[in-house]
Each structure stands twice: as structure tokens, then as C-alpha cells.
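Good morning, and thank you for making time for this short presentation. I would ask you to keep the sequence and the structure in view while I speak.

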Amino acid sequence: MTIQEEVAAQTEEWRKTQLLYNSALKEISTKIEILNNEFVHSHRYNPIEHVTQRIKTPDSIARKLKRIGYEPTLENMEKYLCDIAGIRIICSFTSDIYRIAGMIARQDDVAVLKIKDYMKHPKENGYKSFHMVVTVPIYLSTGTETTKVEIQIRTIAMDFWASLEHKIYYKFEGNAPEYIYDELKNCADIIDQLDQRMLSLNEEVQQLKATSAVRESEIH
């Protein structure tokens, strides 16, 4: 095989890989939308604020593979990386996180490969979120391809914190001054308290609504 033929073969394989990951994102996104709509219909409550999705760029994939000690090849990419296709679900309250994760995991054609519960076990810097790696079948004319997607579920406050942490990390290439990391950890603690207070307030509001509904039914 000539160099040109080898490059063409790799290019075609990469295009197929992109097709699979894009299709997997569409599959999961559709499932999430349907589950959210069903929840709104059944409970008159929307647990999901918004959803974002992305596929890692080739440069990002190559950097990560090199960082964990592997050559940047398509084979290594598919074998060792779980976050090439990623979906982030932003919800209002911490109680929604496990509820949403459970609804996704109960889908018949979704297989949960891995869970990282940074809610129960936050990172040292204060990062909190719920990560799950799942696979979904992609039905092509040539057969079925099972494809991985990483799903991150977090509250609005957690997402705000994570966005800032990400910017700081890349601004300083992972070597920010110590006081920056200390302040970031303090912010994580404040956000944790805020999430707890917001959840408690929401539960109090729901309880008052339920009590009011009971009283009105008794009157009529």
C-alpha cells in the first residue's frame, strides 16, 4: 500500500468513527429528551435545565492518548478513551442527578460500562459531578456497531464552578498559583452549601403546595 493509500484508508476510517460517535450522541440525546418530556407529563416538573454535547477534536484525542502513554491511533482511541463523545446534562437540584442517571440506565439498549460518582467522592480540588460511560447500539446497513458515550450530570452551580476550573487549568497549564486553587476549593464548598440550601428550599415549597392542595380538596 502506498503512503497515499494508507492516508486515504485512515481518513475513511476516521470518517466512519465520527459517524458512529455523532450517531451515538443523537441516540442518547433523543432518549434524554423523551425521558424529560415523560417526566414533565407525569410529574409536572422538569428535572433537566439544558443539555450540551461534543466530540473531542483529533488534536485533543492525540494529546490525551499521549498523556496516558499510548500512541495516537484509531485503535487506541477506541480501546482506551471513553469520553470521545460526551453529553453534559445540567439540572436544577442535586436530587435530580441520581434520578436522571437511573432513568438513563434503565433503558433496555443502554449498557452502563463505568460510573464515577464525584457527588459522593469529590475530587481534592472540590469538583463534584456524576459521570457514567454507556454504550448504545448504532444500526448501520452493514450491521450493528456498539459505541461509547460519556454522560456527565451536574447542577447549574456545579457546572458554573467546573467551567471556571477548566479555564484556570488551561490558562496556567495546570500550574496555577496555590492561592488560586485554595480559593477555588473554597468556592466549591460554598457551591455545595448553596446546592443543599436550594434543594431544601425547593422541598419546602413542594411540601407547602401539597398541603395547600389537600386543604382545598377538603374545602370542596
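From the N terminus onwards, the order of elements is α-β-α-α-β-α-β-β-β-α-α, a total of six helices and five strands. Please bear in mind that this is a predicted model. Along the principal axes, the C-alpha atoms occupy a box of roughly 85 × 50 × 20 Å. Of the 220 residues in the protein, 38% are buried. Among contacts with a separation of 6 or more, 63% join residues that lie 24 or more positions apart.

Let me turn to the interior. In soluble globular proteins, nonpolar side chains tend to be buried together. Here the largest nonpolar core contains 36 residues, and those with the most contacts inside it are Ile28, Met77, Ile89, Ile104, Val149, Ile151 and Ile153. Two or more residues come from each of the helices α1 (3-43), α2 (58-67), α3 (74-80) and α4 (94-105), and likewise from each of the strands β2 (85-91), β4 (130-140) and β5 (143-155). Which element gives the most to this core? It is α1, with nine residues.

Ile104 serves as an example from this core. Leaving out residues up to four places away in sequence, Ile104 touches Ile32, Leu35, Ile89, Val110, Met132 and Ile151. There is also a second, separate core, made up of ten residues, including Tyr127, Trp161, Leu184 and Ile191.

I should like to pause at Gln152, which is located in strand β5. Is Gln152 buried or exposed? Its relative accessible area is 12%, under the 20% limit, and therefore Gln152 counts as buried. Beyond its neighbours within four places in sequence, Gln152 is in contact with Ile87, Arg88, Ile89, Tyr127, Ser129, Phe130 and His131.

Next comes helix α5, which covers residues 156-171. With 16 residues, α5 reaches 23 Å from its first C-alpha to its last, close to the 22 Å expected at 1.5 Å a residue. An α-helix has 3.6 residues a turn, so residues three or four places apart point the same way. The buried residues of α5 are Ala157, Met158, Asp159, Trp161, Ala162, Glu165 and Ile168. Following α5 is Glu173, with a positive phi near 55 degrees.

What of empty space within the model? The structure holds one cavity of 30 Å³ or more, and the volume of the largest cavity is about 70 Å³. Its lining consists of Gly126, Tyr127, Lys128, Met158, Trp161, Ala188, Ile191 and Asp192. The elements that give two or more residues to this lining are α5 and α6 (178-219), and the largest share, three residues, comes from α6. By character, the lining residues divide into five nonpolar, one polar and two charged. Tyr127, Trp161 and Ile191 appear both in this lining and in the second core.

Finally, I draw your attention to Asn186, found in helix α6. Why is Asn186 described as partly exposed? The reason is its relative accessibility of 40%, which lies between the 20% limit for buried and the 50% limit for exposed. Asn186 and Asn125 are 61 residues apart in sequence, and their C-alpha atoms are 9.2 Å apart in space.

That concludes my presentation, and I would welcome your comments.

How values were computed
Residues are numbered from 1 along each chain as its sequence is written. This is a predicted model: local features need pLDDT of at least 70, side-chain atom pairs count only at pLDDT 80 or more; totals for chains, interfaces and linings use all residues. Side-chain values use heavy atoms; hydrogens and water are left out. A nonpolar core is a set of buried Ala, Val, Leu, Ile, Met, Phe, Trp, Tyr and Cys residues joined through side-chain atoms within 4.5 Å. Buried means under 20% relative accessible area, exposed over 50%, partly exposed in between (1.4 Å probe, protein chains only). Helices (H or I, at least four residues) and strands (E, at least two) are DSSP runs, numbered from the N terminus. Contact means heavy atoms within 4.5 Å. The expected span of a helix is 1.5 Å times one less than its number of residues. On a 1 Å grid over the protein atoms alone, a cavity is a set of points where a 1.4 Å probe fits but cannot get out, and a pocket is an open set with protein on both sides within 12 Å along at least five of seven lines; lining residues have an atom within 4 Å of a point. Grid points are joined across faces, edges and corners, and a volume is the space filled by probe spheres set on the points. Ala, Val, Leu, Ile, Met, Phe, Trp, Tyr, Cys and Pro count as nonpolar, Asp, Glu, Lys and Arg as charged, and the others, Gly among them, as polar.
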